[in-house]
Amino acid sequence: MGIVAGLDSSAEFTRIVVCDTDTGAVLRQGYAAHPGEPKAVDVDPQNWLLSLGEAATGGLLEGVEAIGVSAQQNGLVPLDAQGGLVRPALVRNDKRAQVAAADLVESLGGRQAWAEAVGCVPGAGQPVAKLRWLARAEPEQAGRIAMVLQPHDWLVWQLLGRPARRTTDRGAASGTGYWSARTGSYRPDLVELALGHQAVLPEVLGPAEAAGITPEGLLVSAGTGETMAAALGLGLGSGDAVVSLGASGSVMAVHHEALADPSGMITSFADATGMHLPVVSTSNAVRTLRGTAEMLGAESLEELSALALKSTPGASGLVLLPYLEGERTPDLPHTAGTLSGLRRESMKPEHMARAAFEGMLCALTDAMDVLRRRGVEVRRVFLLGAAASLPAVQALAPALFGAQVVVPQPADYAALGAARQAAWALGVARGTLAPSAPPAWQGAAAQVLEPGEELAVGQAVRQQYVATREQVHPGAFGS
């Protein structure tokens, strides 16, 4: 038995879990908010270290032999030739970089060229777009950039005492816009395209490799981005998908190869185990429910859920295409939502509520089908987000997704994944674990829901939705 720690430095806080190396049982936990403005897009990275120190107080790391680091993605830490900060780190989905992202897409020859080059089309959040924005908006600072890191890279470097060697992992690298999950290599030409000159990029470590040893003798694993760490913490494997229910939504699945998607709907991430995590995102998920609740005068999503369950499958013929903020999947950025099937008998609050839940979940099934059409197998769906606990979501999701649905209990899965990676690297270093597979920790405690007899009904609802979508937006997903 040994003890390892997992650190998750998210956009607003630091969480630390201390775990048993053999079972993954959580022994101790720590938490601290980052100082400063919570929603800022320009951040002093020292704030991450301050909250890390606060979260680790009280002897939290006593006896720990190894630590893994997970951190927020969509972050850029620009350094000069001496390793000093050129300007505050750029984090989050920074809307200032939207024009820069579009410029980059055009500069390389379009969406297909980017999808083939690095498995994704630049968005405002990605480091490559932030580099282009810096080159245009702050040319003097951009000219001083000699190395670029992401938050997880920078934290690992700090923990190790700022050595000459800087590292990252394939999971975090796959979100930069200048590393290809398919080829496993950087595209320095894309850095130069964005920044105007070359910059040093961190060495990409393998999943079970150690980044180094701290001055205190603590082994530090490769670390990874939050998405990849959460997948490792949940224990995802082949045949598993994750549906995230935020204001917007996403579907992520474990796959054996990277997927180049000419349409740009699939973002091809690498995971933290040597596999791949293709992701398809939607612009509208829980915002559909919140908008419907406001329209119907429901005081909460729980009240909207109860109302929806008073209706019947198919919502008395009502179909809501929930494209309230435009839509990414399908690519309809300037469209609006559509409510179809209005009849006198369907004009009741419970049917509208049901149509909102069915529309949200059918739109996410559309996203899942983008992956399925590319050969990605989905046998089990992990449902994440606060809305996953709503009775209407749990009642409808298995039949609409056509798969077993798992609703994990709330936990710090990114921090747990970082700890599992630390245990893996420690075991490999000691010769007790193979570099081919992480330690077999106990899976997440969860509620398991089966489609059962409702599968046929769910598929009929799904067909009603698809028919409406094809009528309103013919060919939105191609042939």
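A nonpolar core is taken here as a set of buried Ala, Val, Leu, Ile, Met, Phe, Trp, Tyr and Cys residues joined through side-chain atoms within 4.5 Å. In this predicted model, the largest such core has 59 residues. Val243, Leu245, Phe357, Leu383 and Phe401 have the most contacts inside this core. The greatest contribution comes from helix H12 (residues 349–372), which supplies 14 residues. A further core of 33 residues lies apart from it, and Ile3, Ala32, Val43 and Leu218 are among its members. In the largest core, leucine 383 touches Val243, Leu245 and Phe401. Other residues in contact with leucine 383, when those up to four places away in sequence are not counted, include Ala388, Val393, Ala397 and Pro408.

Strands S2 (residues 13–20) and S3 (residues 26–33) are paired in the antiparallel sense, with 7 bridges. Within this pair, threonine 14 is placed opposite alanine 32 of S3. Alanine 32 is also one of the residues of the 33-residue core. The hairpin has 5 residues between the strands, and glycine 24 in this hairpin adopts a positive phi near 85°.

Helix H9 (residues 226–234) is mostly covered, as 7 of its 9 residues are buried. These buried residues are Met228, Ala229, Ala230, Ala231, Leu232, Gly233 and Leu234. A positive phi of about 80° is found at glycine 235, just after H9.

By the salt-bridge criterion, the model contains 20 salt bridges. One of them joins the side chains of aspartate 42 and arginine 87, at 2.9 Å from N to O. This pair connects distant parts of the chain, with aspartate 42 in strand S4 (residues 42–43) and arginine 87 in the loop between strands S6 (77–79) and S7 (89–90), 45 residues apart. Aspartate 42 is partly exposed at 30% relative accessible area, whereas arginine 87, at 9%, is buried. Arginine 87 also forms a salt bridge with glutamate 138, with the closest N and O atoms 2.6 Å apart. Because arginine 87 lies in the loop between S6 and S7 and glutamate 138 in the loop between helices H4 (127–137) and H5 (139–144), the pair ties together parts 51 residues apart in sequence. Glutamate 138 has a relative accessible area of 17% and is therefore buried, the cut-off being under 20%.

A salt bridge within helix H12 joins the side chains of arginine 372 and aspartate 369 (3.5 Å, N to O). The two residues are 3 positions apart in H12, about one turn of the helix. Arginine 372 is partly exposed at 26% relative accessibility, while aspartate 369 is buried at 18%. Through shared partners, salt bridges link Asp366, Asp369, Arg372, Arg462, Arg469 and Glu470 in one network.

At the surface, Leu339, Leu342 and Met347 make up a nonpolar patch with about 290 Å² of accessible area together. Methionine 347 lies in the loop between strand S21 (338–340) and H12, and is exposed with a relative accessible area of 53%.

Histidine 256 is likewise located in a loop, between strands S17 (249–253) and S18 (266–270). With a relative accessible area of 55%, histidine 256 is exposed. Aside from neighbours within four places in sequence, histidine 256 is in contact with Met275 and His276. The C-alpha atoms of histidine 256 and glutamate 226 are 20 Å apart, and the two residues are separated by 30 residues in sequence.

Technical notes: Residues numbered from 1 in each chain as written. Predicted model: local features only at pLDDT ≥ 70, side-chain atom pairs only at ≥ 80, totals over all residues. Heavy atoms only, no water. Helix = DSSP H or I, 4+ residues; strand = E, 2+ residues; numbered from the N terminus. Buried < 20%, exposed > 50% of the residue type's maximum accessible area, 1.4 Å probe, protein only. Contact = heavy atoms within 4.5 Å. Pairing = 2+ DSSP bridges. Patch = residues over 30% accessible without salt bridge, like charges linked within 9 Å, V, L, I, M, F, W, Y side chains within 5 Å. Areas by Shrake-Rupley, 256 points an atom, 1.4 Å probe, with all protein chains shown as cover. Salt bridge = Lys/Arg side-chain N within 4 Å of Asp/Glu carboxyl O.
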